[in-house]
Structures are given as C-alpha cells and as structure tokens.
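Student: I would like a close look at one part of this model. Please take a single helix, go through what packs around it, and then set it in the rest of the chain.

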Amino acid sequence: MDLRLLDLVAGILTATLVIGILFRRRRVQLPPGPRGMPIVGNIYDVPKSFEWLEYQKWSREFDSDVIYLNLLGTSVVILNSRQAVDDLLEKKSSIYSDRMPMGIDLVGCDWNFALAKYNDSWRLRRKIFHRHFQPSVISKYRPRVLKGTREVLRYLLKEPDNFIAHFRHFVGALSIGIAYGLEVLLEDDPYISNIDRAMHITAKATRTGAYLVDSVPILKYVPAWFPGAGFKRQAAEWRKCEIAASELPLASVKKQMADGVAPPSILRSLLSDLDEGGDDAHLEKMFGSIGATTFAGENLSSFGSFVLAMLLYPDVQRKAQEDIDRVVGSDRLPDFSDQPSLPYVAAIVKEVMRWRPVLPLAVTHRLTEEDEYKGYRIPAGSLVIGNSWRLCPGRHMAFEIMWMTVASILAAFTLEKPLGEDGAVIEPGGEYDPGLLIFPKPFSCAFKLRSKAAED
C-alpha cells in the first residue's frame, strides 16, 4: 500500500478518535448543581456555616447524590451518600487521595492520619489505632475515664464559668495519659496546649476554599518572601506547632523508657516492639503522631454541644435526670455498671453526636485525573468532599467518655440559662466556628447542684 495512503488512513483514524473524545466530553455532563454567576460561579451559594446541611438540601433538590459547584473556576464535587463516598474515595483512592497543599504539604497536618494520603503508612496507622480502640479493648481505660470524670465535676463545682476549659483539660489529660502515660499539669500544660493548638490550626488550614494555593497548587513553590505569599509565612509558623504536638510527648516517653520509668501506654508498647539499634526514626515519628491523634478534639466539641443542647431542650434534661435518679439514686454518682440501665442517657449522647457532628464533612480530596461516575464527568483537579458522616475509628472510645461524663454531670447538676445583671435570661448563641472540626462559640451556662449529697 502507498505510504501516502497509509498516512491518510492514520490521519483519518486519529481525527476520528479526537473528535469522538471531544464529542463524548460534551455529551458526558457535569453533575447537577445550583446555577452560578459569571466568573465567580457558586461562590455566593455556599453558606459560611452548617454548609453540609445545604449540601444535603441540594442533593434532594437535584435528585442526585453527586453535586457540582464552581468556585471561582475551581471544580468542587460534593458526595452526598455513603455509596458515592465508598465508590470514589475508597475504591478509587489511587486517583482521589491527593490532598490540599496548604494543610498537608505546607503546614504538615498529616500527622493526623485521618488527613494523610491513602498509602501503606496510612493503613498501618489506622490498623494500630483500631487495635488499641476497638470495643473489646477500651474497657481497660474505664478506670481512667471514671477518675477524670470525677475531677471534672469538682472543677465545675469550683469554677462553673470555665466549663469549656475544664472539658479541654479533661479530654487532654485523658488522651495523653492513655496514649503516652504522661501526667499533665492542672493549668497551662504544654502537652495539652500544643495538641489543642495543632487541632485548631488543622481546622483552619484544611478548610476548603480558604487558601488560593489549594486551587492553584503550583503556588506552593512561591518563595515566602514573594509579595502576596503571606500564606507561606503563616504555614511555616503553623508547621512548628504541628510538629511540636507529636514530637514533645514522643521525646518525653523515649526519655522515660531510657531511664526505665515509663508507665504503661500505647506509645511505650509500640516503641518496645521496635528493633534495638534499627533505623526506625520514621516509625517512631509515626507512632508519636498516633498518640496525638487520640486527642482529636472530638469529645471537646461534643461536650460543648451537649451543654448547649441541655439549655435548648430542658425537657430532655429532666427526663434523663429522672431516669438517673430512679436507677442510681441520690447517694452516689453513676458508674459504668449503670450503663445498661440508662438507655436514655446513651440516646442523648448519640443524638448530640448526630445533631452537631464534630467532623460533618470528610477531609477534602483532590482528583488527579478526569473520572466518570454515574454518567457524570468529574474534571481532573476537582476538590471532592464527602458529605457523609463517616464512621470514626475512635467512635467507641468517644462514646464511652461522653456517656460517663454526661451521666455524671446530669446526676450532679441542673444546667440552666444564666441570668444577666439586669435579671434577664442570657440566651445561648448556638453558633459554631467553621472548619474541618467544628467547635461551639463561647456561651454561658449555670451549673446548679441538684443536692447536698452531690456536693459531698
């Protein structure tokens, strides 16, 4: 066959292929979503708070569990069902596991394995976490939880106005004790302060749409001194806090082990399994971050939501107290043996976690190559958010802590809206700080002792 004819045939086939691809791309539509404005797209459609509720509303409105948004030219895809989340973020994790540059590459928030990319390191950390916090294991932590709960009650009796600070210290002391075996100071503890600061930084640094570098990843290579690169300087400062959150307690535990005085802890167990003299620095760093992850801020946020719920729904509080009085009586405080007999308290805990989920949206993922799902085209580079309240690997431990604390507080105190200097009731705002993890904004609550026996 003439070479010129072969060239012609090859050209026709290539042109046909290209035209077919272009035609298919036009035929395969983007997922449905609210109609945006020119240039800015849907930037004004996304609410500044409780956005996951709006995402669910759109899902019902457009009859689709996949919603598309255009935020200043950046494609954002919302997954509104567990099935969609599993199909894309789990089964296709090889192309959906990229993360936003600000939080991961620049700030280093991937010390929390929930934010890390899906790889062998992530799988190992999740396996370890599950091993130490599965239902069959967490009962061994109950004495420490019970002791911490009793301390919280004393703090609430002494300084009720600082209830959030008391909850923060309780959660921090409990997590650090279990993970590292370390004792904490009553005030200004460096371990608690570092991890708490790192969690708040993580919430800010990983918020979708907060930083231009997440939409234009190449900006992460801009020098910190370059005009407009303030995000690089901010990231450098934040990164120091993220590192300190896990490295400070890791160093303390290693020193205790070297001195032969390290008490039992998750980290001591993990480090003891390493080969002496081996090059295990990367594993030590990984294990240290697993300990910091147990803090996670989850119970702290849920405690604030519980107090808020009791102020807003006093009838629920009264019913729970009636059950506690019937089962426990007034001459002692609840303990874990009462849990099977107090299902209403368990229902309150579960409803608080559902009502105001700490992590309402899954960590934002970035799609590395174009994909198609349910007949919809998902462009490469899209930010993909799972609006599905995922199962947290630490949920069993979180429930244990919440149940014991809620039952104890309701046994000892009645939570009421406080009065101002003019005698008027001070209504709680009910607002939350936005971010990856949501926290209630400061509000006031009066903790009134229910009996003299409770005070004793």
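Tutor: A residue is called buried when its relative accessible area is under 20%. T149 has a relative accessibility of 1%, so T149 counts as buried. Keep in mind that this is a predicted model.

T149 sits in helix α8. That helix runs over residues 142-158, 17 residues in all. From first C-alpha to last, α8 reaches 25 Å, close to the expected 24 Å. T149 has company: the buried residues of α8 also include V145, G148, R150, V152, L153 and L156.

What lies over them? The cover includes helices α9 (163-180) and α17, together with strands β7 (413-416) and β10 (446-449). For T149 itself, leaving out residues up to four places away in sequence, the contacts are F170, M404, T405 and S408.

Follow α17 next. It spans residues 395-412 and gives twelve residues to the largest nonpolar core, the largest share of that core. The core has 96 residues. Among those with the most contacts inside it are W403, I409, L415 and F447. L415 shows how this region is joined up. It touches I409, and also F306, V307, M310, L311, Q317, C445, A446 and F447, again leaving out residues up to four places away. Apart from this core lies another, of 17 residues, with L115, I201, A229 and F231 among them.

Now a second helix, α11, residues 230-259, which holds L250. L250 is buried too, with a relative accessible area of 9%. Its C-alpha is 5.3 Å from that of G288, although the two are 38 residues apart along the chain. Beyond its neighbours within four places, L250 is in contact with L267, L271, E284, K285 and G288.

Charged pairs come next. The count is 20 salt bridges. One of them joins D65 to K374, with the closest N and O atoms 2.8 Å apart. D65 lies in the loop between α2 and β1 (66-71), and K374 in the loop between β4 (371-373) and β5 (376-378), so the pair ties together parts 309 residues apart in sequence. D65 is buried, at 15% relative accessible area.

Other pairs sit within one helix. R82 and D86 meet at 3.5 Å, N to O. Both lie in α3 (residues 82-90), four residues apart, about one turn. R82 is partly exposed at 42%, and D86 is partly exposed at 22%. In α15 (residues 314-328), R318 and D315 are three residues apart, again about one helical turn. Their closest N and O atoms are 2.0 Å apart. R318 is partly exposed at 44%, whereas D315 is exposed at 54%. R332, D335 and D338 form a network of salt bridges.

The surface has a nonpolar patch as well. M37, I43, Y44 and L72 make it up, with about 460 Å² of accessible area together. I43 lies in the loop between α1 (3-27) and α2 (51-61). It is partly exposed, at 32% relative accessible area.

Last, the whole chain. It has 18 helices and ten strands. Of its 456 residues, 48% count as buried. Among contacts between residues at least 6 apart in sequence, 72% join residues at least 24 apart. The accessible surface comes to about 23,000 Å², and 55% of it belongs to carbon and sulfur atoms.

Methods:
Residues numbered from 1 in each chain as written. Predicted model: local features only at pLDDT ≥ 70, side-chain atom pairs only at ≥ 80, totals over all residues. Heavy atoms only, no water. Core = buried A, V, L, I, M, F, W, Y, C linked by side-chain atoms within 4.5 Å. Buried < 20%, exposed > 50% of the residue type's maximum accessible area, 1.4 Å probe, protein only. Helix = DSSP H or I, 4+ residues; strand = E, 2+ residues; numbered from the N terminus. Contact = heavy atoms within 4.5 Å. Patch = residues over 30% accessible without salt bridge, like charges linked within 9 Å, V, L, I, M, F, W, Y side chains within 5 Å. Areas by Shrake-Rupley, 256 points an atom, 1.4 Å probe, with all protein chains shown as cover. Salt bridge = Lys/Arg side-chain N within 4 Å of Asp/Glu carboxyl O. Expected span 1.5 Å × (residues − 1).
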